[in-house]
Amino acid sequence: MSVTLAHLSDLHLPFGLSPGLRDLAGKRLLSFFSWTLRRRHVLVWRSLSAVMKDIYAAHPDVLAIAGDMTNLGLPDELRRARTWLAELGLPRMVIPGNHDAMVPMDWKTGPGQWAPEGGMITPHDPLVCHLKDDVTLIGLNSAVPTPPFCAWGRIGASQASALEAMLKQLGEEGRCRVVMIHHPPHPDLVVNRKALRDWRLCAEVLQSGGAELVLHGHSHRGTISWVPGTTIPLIGVTAASHRPGRVKTAAGWNRITISRDTGTTGPEWQIGIHPRRLGTDGHLHDLEPFVFRRPASGPGIPCAESGKEISPDIARDPAGESAGDLPAGEHGRDETGRKAAKKTSGSRKMAEPATRKARRPSQTGRSRTGGERKTTSE
Ligand SMILES: [Fe+2]
Ligand SMILES: [Fe+2]
């Protein structure tokens, strides 16, 4: 018995945009230029359609959509996004990203209108979805309006407090807690002006409350790292509508399987991360999977040992960086450092683009966090 989640993010639904002058006041004007000149050419329906087709074929129990459904957060975009969600025909949870809350707006006419379609009911209360087999998905809102050229996020003290109480309660019930947030609670996965401002608070709450897994979006990168100070896996994913061509940015999603297992030292959650990535052949392909094992002994068992890194060769390199691209080969290790299970039959590495060899992720697993990335991140 296992639960399957489809983790996808940053769909930036590629609707044609023709905003009025009033809609472009403030930050949206710059974002509209960016969309016109670049983003609309790399975030396309063809890629998103291939990703969704692949997801449907996998029959997930739930879609975990980690924000940035839109490009400018225009009222019309938000409405069309709601319709798109309503037509999915699969159970889903969706949280807002910074693009969905680009300028101040009433919650009910903003991302709040997605509530009937699996969205958050209020901007300050974590959203809970109980799945089968004692797995619970918890959604957070980190999307706040920011000045031009910025895209930071914040969860706030109220939401953090509610999250902590919720995690403790769910932990006492022996449930597997999967937290989803748009901005990664980590200082190195995106540049400072796009980071989660209160990532320390978020990390502290995740540690004190306990969680088995954290999913995020925003970086437009398939990365694996850990919530700072914990052994809680922190999983990123590429933008679901990005055109193929480069393995680091091509559209993709993560098939996540969770099952309870009898471990050698007691019951544990076995969490499999199976990244899928779009090739230039129009099909999704497997990257090497990761397997994590987390204690599942019921009430009172801490989910993480502070400061212990699951796989130091991935998690931290001499430069002090602490995130790796979702990789292949030697990076496929579980939390004890053992090699993860070999690829399932039929799985294979990302197909090499027709015109360019697929670049193998860094051998040290380090991400290029030292400078601004020329990508569509956010
Ligand atoms: Fe974002
Ligand atoms: Fe994004």
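The expected span of a helix is 1.5 Å times one less than its number of residues. Keep that handy for the first exercise, and bear in mind that this is a predicted model.

**Exercise 1. Check the length of helix α2 (residues 45-58) against its expected span, then say what its buried residues pack against.**

Step 1. Helix α2 has 14 residues, so at 1.5 Å a residue the span should come to 20 Å.

Step 2. Now take the end C-alpha atoms of α2: they sit 20 Å apart, in agreement with that value.

Step 3. On to burial. S47, L48, A50, V51, M52, D54 and I55 are the buried residues of α2. They pack against β1 (3-8), β10 (252-262), β11 (267-278) and β12 (284-286).

Step 4. Have a look just past the helix, too: H59 has a positive phi of about 50° there.

**Exercise 2. Work out which way the residues of strand β8 (residues 223-226) point, and how β8 pairs with strand β9 (residues 233-235).**

Step 1. Sort the side chains of β8: T223 and S225 point one way, I224 and W226 the other. Both sets are buried.

Step 2. Turn to the pairing. β8 and β9 run antiparallel to each other, with 3 bridges between them. One detail to pick out is S225, whose bridge partner in β9 is L234.

Step 3. Follow the chain through the hairpin. There are 6 residues between the two strands, and G229 takes a positive phi near 80° in this hairpin.

**Exercise 3. Where do D133 and D134 lie, and are they buried or partly exposed?**

Step 1. Place them first. D133 belongs to the loop between β4 (127-130) and β5 (135-139), and D134 is in the loop between β4 and β5 as well.

Step 2. Check the backbone. Phi is near 55° for D133 and near 65° for D134. Those positive values are worth flagging, because most residues other than glycine have a negative phi.

Step 3. Count neighbours. A residue needs 20 or more other C-beta atoms within 10 Å to be buried, and 12 or fewer to be exposed. D133 has 14, so D133 is partly exposed. D134 has 16, so D134 is partly exposed.

**Exercise 4. Which residues touch the most other members of the largest nonpolar core, and which helix gives the most to it?**

Step 1. The largest nonpolar core holds 83 residues, and V51, A64, V178, M180 and V214 touch the most other members. Helix α5 (residues 199-209) gives the most to this core, namely 6 residues.

Step 2. Zoom in on V178. Leaving out residues up to four places away in sequence, V178 touches L5, V135, T136, L137, I138, E212, L213 and L215.

Step 3. For the whole protein chain of 378 residues, 50% count as buried.

**Exercise 5. Why does A151 count as buried, and what is A151 in contact with?**

Step 1. A151 is in the loop between β5 and α4 (156-172).

Step 2. With 26 other C-beta atoms within 10 Å, A151 is buried, because the cut-off is 20 or more.

Step 3. Setting aside neighbours within four places in sequence, A151 contacts N98, T146, R193, K194 and E378.

Step 4. Compare sequence with space: A151 and A195 are 44 residues apart along the chain, yet their C-alpha atoms are 7.2 Å apart. Across the protein chain, among contacts between residues at least 6 apart in sequence, 75% join residues at least 24 apart.

Notes. Residues are numbered from 1 along each chain as its sequence is written. Chains are lettered from A and ligands numbered from 1 in the order in which they are written. This is a predicted model: local features need pLDDT of at least 70, side-chain atom pairs count only at pLDDT 80 or more; totals for chains, interfaces and linings use all residues. Helices (H or I, at least four residues) and strands (E, at least two) are DSSP runs, numbered from the N terminus. Two strands pair if DSSP finds at least two bridges between them. A nonpolar core is a set of buried Ala, Val, Leu, Ile, Met, Phe, Trp, Tyr and Cys residues joined through C-beta atoms within 7 Å. Two residues are in contact if their C-beta atoms, placed from the backbone, lie within 7 Å.
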